[in-house]
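Colleague: I have just opened this structure and would love some help finding my way around. Could you take my questions one at a time?

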Amino acid sequence: MKNWKFYNLLFLRVFIVIIILFSSLYLAQKELYHNSILVGVALIIALIEMYSFIKAKMSFYDKTILSILQNDYSTNFPKEEKKGSFKNLALLYDTLKEKQQEQTSKELIYRSILNNIDTATLILEKDNNDWNIFLMNDYFSSLFNVPKVSHWSYLKNHLPSLCDEIENTHFSELKTAISVKIEQQDLQTFTLQTSLTKSLNKEYFIILLDSIQRVIDKKEKEAWITLMKVISHELMNSLTPIRSLSQNLLQIIDQEKLEEDDFEDIKNSISTIINRSDHLQVFVENYRKLTMLPTPNKIPTSINSLFTDCLKIMSPILKEQGIELINSINSSRNILIDKSQMEQVIINLITNSIFALKERQEKKIFLSALTENNRFFITISDTGKGIDPEIRNKIFLPFFTTRKEGAGIGLTLSKNIIEAHGGYLTYQADENRTNFVICLITS
C-alpha cells in the first residue's frame, strides 16, 4: 500500500484542483465575479502546491538516478523517502552503493599490494585510440624518478626510450631486455614484460620492469644460501662423527688397563676418522676447483680435433654401456678456446648423458654444431630420462647432484669454464631429447 501513497496524494490534489476549477467557472457563470476571482486565486495556489509536491517527490528520483549515473554514492537520502513510493529505487541505490564501497576497498588493497612490491608496474587503460595511465606503483615512480602522471604522452616526456620501445611493438605482448636512461644517469638494463587484458568493455595494458642487476643479486644471494647449506651439511656429516669418535678414543685411553677389544675399537675409530677426513679433503678440493679456476689460455683450436680427442677418451665407456654416439660435427674451422678446459666441459656433459641413459632401452647421444650471428653453438643431446622440472633450476648449483657417487661440481664447473670463455651453457628439453647447449662468441 505504501507504493500507492504517492499516487493517492497526487490524485487527491488533481481532484481538488478540478473541483476548484469547476467552482470558479460556475461562479463566473452566475456572474459572481468577485467570488469567482477568489476561487481562481485558490486554484492557482492549489496548482502551485501540486507542482511543489510533484517536484519534491521527483527530486529524489532525479538525484538518485544522477548519483547512480555519476557513480557518486556520497548522498544520504531521508528515511521517509526510502520507505515511500520510491523504496525500490532507494533499495537499488543502497545496493549499488554497498557494491561500490566493496569495490573501492578491493582497489585500495590491490593498490597497496602493487605499491609494496619491488617490481616497477605500470597499467594503461585504453580510451578510444589513446592510452591513459590507470595505475603507476610507487616503485615505478621512485625507480625512474617520474611523477604519477595520468597520460601516456606525459610519461613519454620523462621516459622516451621505454615508451618508444613499447610503441614500436604497437602495444603488443612481449618479453625482452631494454636499456633505459634515467635522467642524466647512464643507461640501465631492465627486463621488460608486457601483457594485454580485457575487463568488460575496458582494455588494459600491463607493463612490468625489473632491474637486471637486482635479479642477478637475488639469484646470487639464493645461490650463496644454497651453497652454504650444502657446505654446512657436508662439514657436519664429517665433523660430527670425527668429534664423537675422538671423545670415544679419549675415554678408552683413560682406562687403567686396555683390553684386546679396546685396541680393536681404537683401530676402527681411527680408520673411520681417516675415511671422513679423506671425504672432507675431496670436498674441499672440489670447492677449490670451482673457486680457483685458472684464466682460459685461448689458442686457435680445430673443432674436429677437439671432438676427436674427447671421443677417444669416451669411446671405451660408450662401447661398454652400449651407447650409440651420432656425431654430426664436421668442421675444419678453428675457434679460440682453452682446449684442455673445453675438453673437460664436453667430457662432463657426455658423462652426464651416459648416466641419464643407464636405464633406457634406446641409448643414443647426439653431437651437433651450428654457427649463427658470430656465435658458435655446440649441442650435446641424449634420449635419456631428462631432468625433473622441480630440480631444473638447481642443476648448475655447486654440489647439487642426483647421483650417489657424484660430487655435484661437473655442471657447475662446466658452466664456469664456458662463462670464463665469454659464452654460456644452457639446458633445454623437448619431448624426446635432453639438450645441453654451449654458446661461444666467435667474433
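Modeller: Happily, and here are some questions and answers on strands, burial, charges and salt bridges.

Modeller: A word on the ground rules: this is a predicted model, where local features need pLDDT of at least 70 and side-chain atom pairs count only at pLDDT 80 or more, while totals for chains, interfaces and linings use all residues. Residues are numbered from 1 along each chain as its sequence is written, and side-chain values use heavy atoms, with hydrogens and water left out.

Colleague: Let's start with strand β1; how many of its eight residues are buried?

Modeller: Strands here are DSSP runs (E, at least two residues), helices are DSSP runs too (H or I, at least four), and both are numbered from the N terminus. Buried means under 20% relative accessible area, exposed means over 50%, and partly exposed is in between (1.4 Å probe, protein chains only). Strand β1 covers residues 120-127 and is mostly covered, with a buried count of six.

Colleague: Which residue in β5 stands opposite L122?

Modeller: Two strands pair if DSSP finds at least two bridges between them. Strand β5 (residues 202-211) runs antiparallel to β1, and six bridges join them. Opposite L122 in β5 stands I207.

Colleague: And which residue in β2 is the bridge partner of L124?

Modeller: Strand β2 (residues 130-136) is joined to β1 by six bridges, and the two run antiparallel. β1 and β2 form a hairpin with two residues between the strands, where N128 takes a positive phi near 60°. The bridge partner of L124 in β2 is I133.

Colleague: Which side chain meets K202 in a salt bridge?

Modeller: A salt bridge is a side-chain nitrogen of Lys or Arg within 4 Å of a carboxyl oxygen of Asp or Glu. K202 counts as partly exposed because its relative accessibility is 41%, and its partner is buried at 18%. With 3.5 Å from N to O, the side chain that meets K202 is E125.

Colleague: Why does that pair tie together separate parts of the chain, and how many residues apart are they in sequence?

Modeller: The salt bridge between K202 and E125 spans two strands. K202 lies in β5 and E125 in β1, so the parts tied together are apart in sequence by 77 residues.

Colleague: Which residues are linked with K156 in a network of salt bridges?

Modeller: K156 and E167 meet in a salt bridge of 2.8 Å, N to O. This pair links distant parts of the chain, with K156 in helix α6 (residues 152-158) and E167 in helix α7 (residues 160-168), eleven residues apart. Linked with K156 in the network are D164 and E167.

Colleague: Now helix α12; about how many helical turns separate K415 and E419?

Modeller: The side chains of K415 and E419 meet in a salt bridge at 2.6 Å, N to O. An α-helix has 3.6 residues a turn, so residues three or four places apart point the same way. Because K415 and E419 are four residues apart in α12, their separation is about one helical turn.

Colleague: Which residue just after α12 takes a positive phi?

Modeller: Helix α12 spans residues 410-420, and its buried residues include L411, L413 and I417. Just after the helix, a positive phi of about 85° is taken by G422.

Colleague: Which residue in β12 is the bridge partner of L425?

Modeller: Strand β12 (residues 434-441) is mostly covered, with seven of its eight residues buried. It pairs with β11 (residues 424-429) in the antiparallel sense over six bridges, and a hairpin joins β11 to β12 through four residues. In β12, the bridge partner of L425 is I438.

Colleague: Which residue in β12 stands opposite F376?

Modeller: Strand β10 (residues 375-382) runs antiparallel to β12, and eight bridges join them. Opposite F376 in β12 stands L440.

Colleague: Last one: is I273 buried or exposed?

Modeller: I273 is found in helix α9. Its C-alpha lies 5.4 Å from that of I242, although the two are 31 residues apart in sequence. Since its relative accessibility is 18%, I273 counts as buried.
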